[in-house]
Amino acid sequence: MRHLLGMDDLDRDRIETILERALSFAEVSRREIKKVPTLRGQTVVTLFYESSTRTSSSFELAAKRLSADVVSVKASGSAVDKGESLKDTIETLSAYDPAAIVLRHPHAGASHMLADWVDASVINAGDGMHQHPSQALLDIFTLREQIGSLEGREIWIVGDVLHSRVARSNIIGFQAMGAKVIVAGPPTLIPRGIEATGCEVRYSLDDVDSADVIYLLRMQHERMDQNFVPSIREYARLFQLNSRRLGPRQLVMHPGPVNRGVEISSDVLDCDQSLIAQQVASGLVVRMAILYELLTGSENFAAGQPDSDPVPIGEPA
Ligand code: CP
């Protein structure tokens with residue numbers, strides 16, 4: 001595996017490999033010295049053309065925990081402000097001979113384009129409304145830690161599915177792991193024809209009590225050029241997950257950032273059934289695993305190397 005551009009790049013075995021690796025890095029993260037020398041001497045560039053807190057910080061920390069040198073560039077405040085194109089920015093950063101480039105960009109397909117231009121491994125950290133594969137992997141990891149296998153579980157993805165790259169990646173990822181996926185939201189925020197991906201569609205939360213997991217999405221106003229709901233108050237009345245709607249055995253997830261009081265009430269956000277903090281913690285170890293898989297060329301592991309020592313990640317750096 002050279003690049004991670006979308007969840008459709010990964011079959012179930014490949015997902016399992018990354019999750020196993022992440023589990024090992026979770027063990028490393030509990031050690032006093034959390035750093036391993038795996039990527040010493042290699043450079044990882046993170047290049048973000050859109051705002052980010054979780055993805056940018058966790059990829060940066062993941063690369064540092066693996067002892068890589070890290071160059072972090074945010075488009076805002078860089079030469080992009082002076083009119084430099086993506087291609088020229090990439091040519092500039094390629095002078096540092098990066099082993100991996102982590103790209104977030106507002107245009108769908110930007111990371112695919114980048115993969116054609118560079119020798120480095122490319123990781124899609126979110127491209128427009130298209131995909132956000134590392135988010136899907138960390139969500140699967142988080143759920144597996146909590147409930148074990150996803151086989152036969154019912155996962156509802158609720159909210160602004162239309163503008164959500166997380167939804168597109170998670171529909172593929174959850175289904176690959178055997179879950180049944182239902183998307184729910186106002187008709188204006190559900191993409192036409194999404195059933196072709198294998199999920200079911202609901203336009204209300206009337207039946208949400210059958211869900212094992214309720215995965216909430218925020219309204220992505222930055223991608224909207226018109227009003228998709230009559231008002232936020234009306235949207236919250238119909239689709240907010242609050243303590244009245246949440247059953248005692250159901251788990252709550254959200255990729256963040258959260259809009260308290262819109263898609264989720266404060267009490268649900270902070271309750272014991274919420275996995276949102278765990279999702280952030282999983283982001284670090286899953287992104288370490290992604291970098292590891294791409295940059296150490298561990299095809300051997302994927303092909304079934306010894307299970308007794310599945311993660312030769314080395315001594316503390
Ligand atoms: N979930 C997610 O992508 O969050 P950030 O925008 O903070 O990276």
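**Reading a predicted model, from Arg 12 outward**

Reader: Let's begin with one residue. What is the relative accessible area of Arg 12?

Author: Arg 12 has a relative accessible area of 31%, which makes it partly exposed. Before we go on, please keep in mind that this is a predicted model. The class rests on cut-offs: under 20% counts as buried and over 50% as exposed, so a value in between is called partly exposed.

Reader: Which side chain meets Arg 12 in a salt bridge?

Author: The general idea first: side chains of opposite charge can pair when their charged atoms come close. Here the partner of Arg 12 is Glu 16, with 3.8 Å from N to O. Since a salt bridge needs a distance within 4 Å, this pair qualifies. Glu 16 is also in the partly exposed class, at 23% relative accessibility.

Reader: Why are Arg 12 and Glu 16 separated by about one helical turn?

Author: Because they are four residues apart in helix H1, which covers residues 12-29.

Reader: Helix H1 also holds Arg 21. What does Arg 21 pair with?

Author: Arg 21 forms a salt bridge with Glu 293, and their closest N and O atoms are 2.8 Å apart. This pair links distant parts of the chain: Glu 293 sits in helix H9 (residues 276-295), and 272 residues separate it from Arg 21.

Reader: Are Arg 21 and Glu 293 buried or exposed?

Author: Arg 21 is buried, with a relative accessible area of 1%. Glu 293 is likewise counted as buried, at 4%.

Reader: How many salt bridges does the structure hold?

Author: There are 13 salt bridges. Another of them joins Glu 200 and Arg 202, at 3.0 Å from N to O. Glu 200 is partly exposed at 31% relative accessible area, and Arg 202 is partly exposed at 25%. Salt bridges can also share partners: Arg 12, Glu 16, Arg 144 and Glu 151 are joined into one network that way.

Reader: Let's look at the segment before H1. What surrounds Leu 10 there?

Author: Setting aside residues up to four places away in sequence, Leu 10 touches Met 1, Leu 4, Ile 15, Ile 18 and Leu 137. Leu 10 counts as buried, at 7% relative accessibility. For a view across the sequence, compare Leu 10 with Gly 173: they are 163 residues apart along the chain, yet their C-alpha atoms are 8.5 Å apart in space.

Reader: Leu 4 is among those contacts. Which residues does Ser 134 touch?

Author: Leu 4 appears again, along with Thr 55, Phe 59, Val 286, Arg 287 and Ile 290, residues up to four places away in sequence not being counted. Ser 134 belongs to helix H5 (residues 133-147), and it is buried, with a relative accessible area of 0%.

Reader: Now the backbone. Which residues other than glycine have a positive phi?

Author: Ser 67 is one, with a phi of about 70°. Asp 97 is another, with phi near 55°. Ser 67 lies in the loop between helix H2 (54-65) and strand S2 (69-74), while Asp 97 lies in the loop between helix H3 (86-94) and strand S3 (100-105). Their surroundings fall into opposite classes: Ser 67 is buried at 11% relative accessibility, whereas Asp 97 is exposed at 62%.

Reader: Where is there a cis peptide bond?

Author: Look at the bond from Gly 256 to Pro 257, where omega is near -5°. Pro 257 is in the loop between strand S9 (251-253) and helix H8 (266-269).

Reader: Let's step back. What does the radius of gyration say about the whole protein?

Author: The approach is to set the value against that of a compact globule: for 317 residues a radius near 20 Å would be expected, and the protein's 19 Å agrees with it. The C-alpha trace spans about 55 × 50 × 35 Å along its principal axes. The protein has 10 helices and nine strands, and buried residues make up 56% of its 317 residues.

Reader: How much of the contact set comes from residues 24 or more positions apart?

Author: Such pairs account for 74% of the contacts with a separation of 6 or more.

Reader: And what about the surface and the charges?

Author: The protein exposes about 13800 Å², with carbon and sulfur atoms supplying 48% of that area. As for charge, there are 32 positive and 42 negative charges, and their mean positions are 4 Å apart.

Notes:
Residues numbered from 1 in each chain as written. Predicted model: local features only at pLDDT ≥ 70, side-chain atom pairs only at ≥ 80, totals over all residues. Heavy atoms only, no water. Helix = DSSP H or I, 4+ residues; strand = E, 2+ residues; numbered from the N terminus. Buried < 20%, exposed > 50% of the residue type's maximum accessible area, 1.4 Å probe, protein only. Rg over C-alpha atoms; globule rule 2.2 N^0.38 Å. Contact = heavy atoms within 4.5 Å. Areas by Shrake-Rupley, 256 points an atom, 1.4 Å probe, with all protein chains shown as cover. Lys, Arg positive; Asp, Glu negative; His and termini not counted. Charge placed at Lys NZ, Arg CZ, Asp CG, Glu CD.
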